[in-house]
Amino acid sequence: MTHAHNPHRRGFLKLSAGLASLGLMSLGLGIRGAKAAVSDYKALVCVYLYGGNDGNNLIVPVDNARYAQYQGIRGNLALGAGKLLSPISDGYGNPYALHYGLPELNALFNQGHMAVVLNTGMLQQPLTRAQYLQGANVPTSLFSHPDQTMQAQNGLPAGSSSGWGGRLLDHLTANDSLAAISVSSPAPLLQGNQVVGNVVTPGTDLSLSGMDMWPSSAALARRQALNQILGLDAGSAVRQAANQAMLDGLQLADALKSNANLSPLNTVFPGTALGNQLKEVMRLIRLRSQQGPGRQVFFCSLDGFDTHGSQDWQQWDLFIQLSQALDAFYHACGEVGLAQNVTAFTQSEFGRTLESNGSGSDHAWGNHQIVLGGAVKGGIYGQLPQFVRNGPDDANGRGVWIPKIGTAQFGATLGRWFGATDTELAQVFPNLGLFPSADVGFML
C-alpha cells in the first residue's frame, strides 16, 4: 500500500487524460462498428469530487449507540446537532442525518428522488479484514490520488486505457459526437474502445477558424474540401486517429450550433463552477434528446476535497456548491420533461479516515456516494461500517473502511438502467461475476 499525496501529479493526470480524448490510446478508434439500436433516450451524469470526499460527514448515523461511536473516533471532526439536518431513515428504523451543507439534497431525499449508497469503492472481489491482513488481492496503489482516480473511472482495480462510461456507450450508441462529453477536464471515464470522449467548455460553441465565409456557398465548399482531405487514407495509424479526432470535433461543432433553437429555461443555475458545468450539461442533453433515441454520458467535477486540514469549513463550502448545483440540475431535467431519463451520481477516488489528524482527515478507501434522478429508488443502500478501531470493517485502525459494495456493482446498477444486458455488463466490468449481486437496487 502507498500513501501518495502529490497535487502536481494529480493535475498531470487530468491533463494527460486528454490523450484518451484524442483517440491516441487506441489507434483503431477510427473504425466505428454498428450498434444495436436503443428505443429511448437516457443520460448518465458523473459529478467527480476530486481529492477524496470525506463521506463520513456526508451522512451520519444519529441513533444513540452509533452516534456515540462516531463521535468517539471522529473527535474534533464530529458534526454536532447544529451541523446535521433533520433525520432521515433507511426504511428499517435506523436514523441518519445529512451534512448541514446539503439542504437541497436533503429535500430531494425526502421526496424520494435521491439515494445514498454506503461504503462503496474499488474492489477486485468481496474482501474481509482478515483476508486483507493476510495479503489478499486488493486494488493497486491504494490511497494514491492519481491511481485511484484512474481506477474509479476505469471501473477496474488495475490500469486500463478505457473507462466504464465509454465501454457502456460502446455497446449502446453509434458514432455520435454528443455521446461522451466532459464539461470539465478530459476524463478517462468517457473513453471507450470505440467511443471517444469530447471536452466542451461551459458557455462556448466550438468553431474552426476560416470556416465562416461569405457567401455561404464558399463556406460550404471549403468545409467539403476539408472533409475530403481528412477522409484520405494517409497510411499512418497516428495520422488516421488525428484525422478522426478532427472530424469528430467538426461534427460536435455542428451539433452545438443548434443551441440557438433552445428556449430559455426557468430554472436558475448557481453561478459556481459546478453550476455552470451542469448548466452546460443540461444544454447538451436538450440538444441530443431532441434528435431522438440515444445515450449520453457526461463528466463534471468539483475539486478541493483533499481535506488534510481546515476540513470543517472547506467541506461545508464545497457541499453548499454541490447541493445547490445538483438541485438546479434535477429541477431543470423536470422542467424539460426528462427527469426519468437522466441520472446523476457522485464519484471520488476514495473516502477519508474516520480518525481526525488534528484539523482534517487522511486518505482512506470505502466511501458513500449520492445518486439522483427521477428513475432513482430513493433511500439508503448498503451497510454502514462499524465505527470500531480495528473492527471488521477497518483496514488499519484509523477508520479506513474496506468497501462492502464494489465499484463494479455500483456502475453495473447504473448500467442496467442505462440499457446494458447482463452479457454487456460483464464485458464492461470484467470482475462483476466475483460479487454476489450485480444490482445494488437503487434504480427502477
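Let's start at Ala344, which is found in strand S9 (residues 342–347). Helices and strands here are DSSP runs, numbered from the N terminus, with at least four residues for a helix (H or I) and at least two for a strand (E). Ala344 is buried, with a relative accessible area of 3%. Buried stands for under 20% relative accessible area, exposed for over 50%, and partly exposed for what lies in between, using a 1.4 Å probe and protein chains only.

What does Ala344 touch, leaving aside residues up to four places away in sequence? The list is Val45, Leu326, Phe329, Ile370, Val371 and Leu372. A contact means heavy atoms within 4.5 Å. Ala344 and Cys46 are 298 residues apart in sequence, yet their C-alpha atoms are 5.9 Å apart in space.

A word on the source: this is a predicted model, where local features need pLDDT of at least 70 and side-chain atom pairs count only at pLDDT 80 or more, while totals for chains, interfaces and linings use all residues. Residues are numbered from 1 along each chain as its sequence is written, and side-chain values use heavy atoms, with hydrogens and water left out.

Now for the whole protein. It has 13 helices and 12 strands, and 55% of its 444 residues count as buried. Among contacts with a separation of 6 or more, 76% are between residues 24 or more positions apart. The accessible surface comes to about 17,200 Å², with 54% of that belonging to carbon and sulfur atoms; such areas come from the Shrake-Rupley method with a 1.4 Å probe, and for residues only the protein chains shown count as cover.

Next, a residue in a helix. Gln148 sits in helix H6 (residues 145–154) and is buried, at 3% relative accessible area. Beyond residues up to four places away in sequence, Gln148 touches several others, including Tyr48, Met122, Ser141, Glu349 and Phe350. Gln148 and Ala158 are 10 residues apart along the chain, and 9.1 Å separates their C-alpha atoms.

Ser141, one of those neighbours of Gln148, has a backbone angle worth a look. Most residues other than glycine have a negative phi. Here are two with a positive one:

| Residue | Phi | Location | Relative accessible area |
|---|---|---|---|
| Asn119 | near 45° | strand S5 (residues 114–121) | 0%, buried |
| Ser141 | about 55° | loop between helix H5 (129–133) and H6 | 29%, partly exposed |

On to the aromatic rings. Rings of Phe, Tyr and Trp (its six-membered ring) pair if their centres lie within 6.5 Å; planes under 30 degrees apart count as stacked, over 60 as edge-to-face and the rest as tilted. By this rule the count comes to 15 aromatic pairs. One of them is Phe305 with Phe319, a tilted pair at 6.2 Å centre to centre with 45° between the planes. Phe305 lies in the loop between strand S8 (294–302) and H11 while Phe319 lies in helix H11, so the pair ties together parts that are 14 residues apart in sequence. Is Phe305 buried or exposed, and what about Phe319? Phe305 is buried, and so is Phe319. Elsewhere, ring pairs link Trp164, Phe345, Tyr381, Phe410, Phe429 and Phe442 into a cluster.
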